[in-house]
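Subject: Structure for your review

Dear colleague,

Please find below the structure that I am handing over to you. My account of what was found in it follows directly after.

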Amino acid sequence: MIDVDVVIVGAGAAGLMCAAQAGLRGRKTLLIDHVRKAGNKIRMSGGGKCNFTNYSVEAENYLSNNRHFCKSALSRFTQWDFLALIDKYQIPFHEREHGQLFCDHSSKDILDMLLAECAQAKVEIRLNEKIQSICVASADGFILKTEDTQIHCQSLVIATGGLSIPTMGASNFGYKVAEQFGLKVLAPSAGLVPFTLQPEDKERFAPLSGIALDCRLSNDRISFRENLLFTHRGLSGPVALQQSNYWFPGETIEADLLPSHDLYHELIEAQQQQPNSKLKNVLTHYFPKRLVAAFVASALAEKRLQNLSHRQLEELSQSFKCWQLKPNGTEGYRTAEVTRGGVDCDAVSSKTFEAAQVPGLYFVGEVLDVTGWLGGYNFQWAWASGWCAGQYV
Ligand SMILES: Cc1cc2nc3c(=O)[nH]c(=O)nc-3n(C[C@H](O)[C@H](O)[C@H](O)COP(=O)(O)OP(=O)(O)OC[C@H]3O[C@@H](n4cnc5c(N)ncnc54)[C@H](O)[C@@H]3O)c2cc1C
């Protein structure tokens, strides 16, 4: 039987941060993961450059059934605290749009930094280790059984993340542990994920694959403006991923494919100034030809502006500015960046991350029902929750 103070299950972003903090406090800490490499998602994040945080982090950048839950941790371990760590390890980084911060070289810089912090804190890391069962120890703490050993710990931290990208080690382990100890799990679903289209739309928009354009997507709850990318499967790009966090099956989304223009009035003006121009030629000032062909019937596109009524021009601008889009679904966990839902935050302390009804059991990171926007918010949540729990475990 191995005896340690703290076991952390999941050597991802939150688990590594939590382990380093617990170790630095002098707690004998064991970090366990069932895959062969720690921090797989850190490695693959941000196109290999890891969008590790954002200059502006607010509770509004997160979704949760308990929207106040994230505030405490985000204010105790901020983006500036993470940047101080980045500075300590002299990791070069740069800012992209919307305050997003990325590594100059590689996301491996972030992973190496966290592994160095763990090494300095004398954290033991066991990879490729599967936990078969967890039970409450008779005196105090928990007993974990793996294939060939038993581990006793006082504090048990579940940092097993969400369900996205199962090939990278994602599992429902954290939800199962929560349920075993009587905590509610709010139905998980894929977030920050491309949309798939209804069969007829898929066929209609298939020729647009590869086109990216500035777009606003809105529903009655929220609106995002960023690039939209047509793919051979459906709609992707940052604006689609952001909106997917706020989309539920069956809902319609409104797309404005020309958010900087009052298309209707500009078409009226064009009608006065160049009445002989064909509609399709005027529209290709604004959109790629393939997109015009997919949105405007060819007979209409061939008409000259002078032969179009104001009503027709209005309907036409509406079709670009108020496109009513009903996705068929999403690409699911295979490509999702995050999982919505998870362990109910009401069952966990926002200060310590300990389960209210189960002393010694902690949940951090994405396994909790806290989902960030695209832009470094999910990592900031992992760092903040992991750091805070690390002060108490
Ligand atoms: C492709 C991609 C790109 C992303 N890019 C960004 C980005 O640039 N910026 C950003 O903020 N967020 C990004 N994210 C989201 C971000 O990676 C996650 O929100 C974050 O990693 C969550 O941290 P976590 O520690 O809670 O979970 P994870 O980092 O997922 O770590 C969970 C760990 O638990 C382990 N585990 C799971 N089940 C078990 C088990 N049964 N036993 C033992 N171990 C287990 C897993 O192997 C994994 O190592 C991206 C996600 C993906 C998929």
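I begin with a contact between two side chains: Glu315 and Arg311 meet in a salt bridge, with 3.3 Å from N to O. Please bear in mind that the model is a predicted one. Both Glu315 and Arg311 belong to helix H13, where they stand 4 residues apart, about one turn of the helix. Glu315 has a relative accessible area of 45% and is therefore partly exposed. Arg311, with a relative accessible area of 60%, is exposed, because the cut-off for that class is over 50%.

Other salt bridges

The search of the whole structure finds 14 salt bridges. One of them joins Lys280 to Glu302, and the closest N and O atoms of that pair are 2.9 Å apart. This pair links distant parts of the chain: Lys280 sits in helix H10 (residues 279-283), whereas Glu302 sits in the loop between helix H12 (298-301) and helix H13 (310-321), 22 residues apart. Lys280 is partly exposed, with a relative accessible area of 29%. Glu302 also counts as partly exposed, at 36% relative accessibility.

A further salt bridge is formed by Arg221 with Asp220, with 3.3 Å between the closest N and O atoms. Arg221 counts as partly exposed at 42% relative accessibility, while Asp220 counts as exposed at 74%. In addition, a network of salt bridges links Glu124, Arg126 and Glu129.

The chain as a whole

The chain contains 14 helices and 21 strands. Its C-alpha atoms fill a box of roughly 85 × 40 × 35 Å, taken along the principal axes. Of its 393 residues, 56% count as buried.

Two pairs of residues may help you to find your way around the model. Leu127 and Ser260 are separated by 133 residues in sequence and by 51 Å in space, C-alpha to C-alpha. Leu127 is located in the loop between strand E7 (124-126) and strand E8 (131-136), and at 32% relative accessibility Leu127 counts as partly exposed. For Leu16 and Ser75, the separation is 59 residues in sequence and 20 Å in space, again C-alpha to C-alpha. Leu16 lies in helix H1 (residues 13-24). Leu16 has a relative accessible area of 0%, and it is therefore buried.

The second largest pocket

The second largest pocket holds about 400 Å³ of space. It is lined by 19 residues, of which Tyr62, Leu63, Ser64, Asn65 and Tyr246 are the closest to its centre. Three elements give two or more residues to this lining, namely strand E4 (62-63), strand E11 (185-191) and strand E19 (338-343). The largest share, 3 residues, comes from E11. By residue type, the lining of this pocket divides into 7 nonpolar, 6 polar and 6 charged residues.

A nonpolar patch on the surface

Tyr55, Trp80 and Phe93 form a nonpolar patch on the surface, and together they have about 290 Å² of accessible area. Tyr55 is placed in the loop between strand E3 (51-54) and E4. At 31% relative accessibility, Tyr55 counts as partly exposed; residues enter such a patch only with over 30% relative accessible area.

Backbone angles

Most residues other than glycine have a negative phi. Two residues deserve mention here. Cys50 has a phi near 50 degrees, which is a positive value in a residue other than glycine. Cys50 is found in the loop between helix H2 (40-44) and E3, and at 0% relative accessibility Cys50 counts as buried. His98 likewise has a positive phi, near 60 degrees, and is a residue other than glycine. The place of His98 is the loop between strand E5 (93-95) and strand E6 (100-103). Is His98 buried, partly exposed or exposed? His98 counts as partly exposed, because its relative accessibility is 47%.

With kind regards

Notes. Residues are numbered from 1 along each chain as its sequence is written. This is a predicted model: local features need pLDDT of at least 70, side-chain atom pairs count only at pLDDT 80 or more; totals for chains, interfaces and linings use all residues. Side-chain values use heavy atoms; hydrogens and water are left out. On a 1 Å grid over the protein atoms alone, a cavity is a set of points where a 1.4 Å probe fits but cannot get out, and a pocket is an open set with protein on both sides within 12 Å along at least five of seven lines; lining residues have an atom within 4 Å of a point. Grid points are joined across faces, edges and corners, and a volume is the space filled by probe spheres set on the points. Ala, Val, Leu, Ile, Met, Phe, Trp, Tyr, Cys and Pro count as nonpolar, Asp, Glu, Lys and Arg as charged, and the others, Gly among them, as polar. Patches are made of residues with over 30% relative accessible area and no salt bridge: like charges are joined within 9 Å, nonpolar side chains (Val, Leu, Ile, Met, Phe, Trp, Tyr) within 5 Å. Accessible areas come from the Shrake-Rupley method with a 1.4 Å probe; for residues, only the protein chains shown count as cover. A salt bridge is a side-chain nitrogen of Lys or Arg within 4 Å of a carboxyl oxygen of Asp or Glu. Buried means under 20% relative accessible area, exposed over 50%, partly exposed in between (1.4 Å probe, protein chains only).
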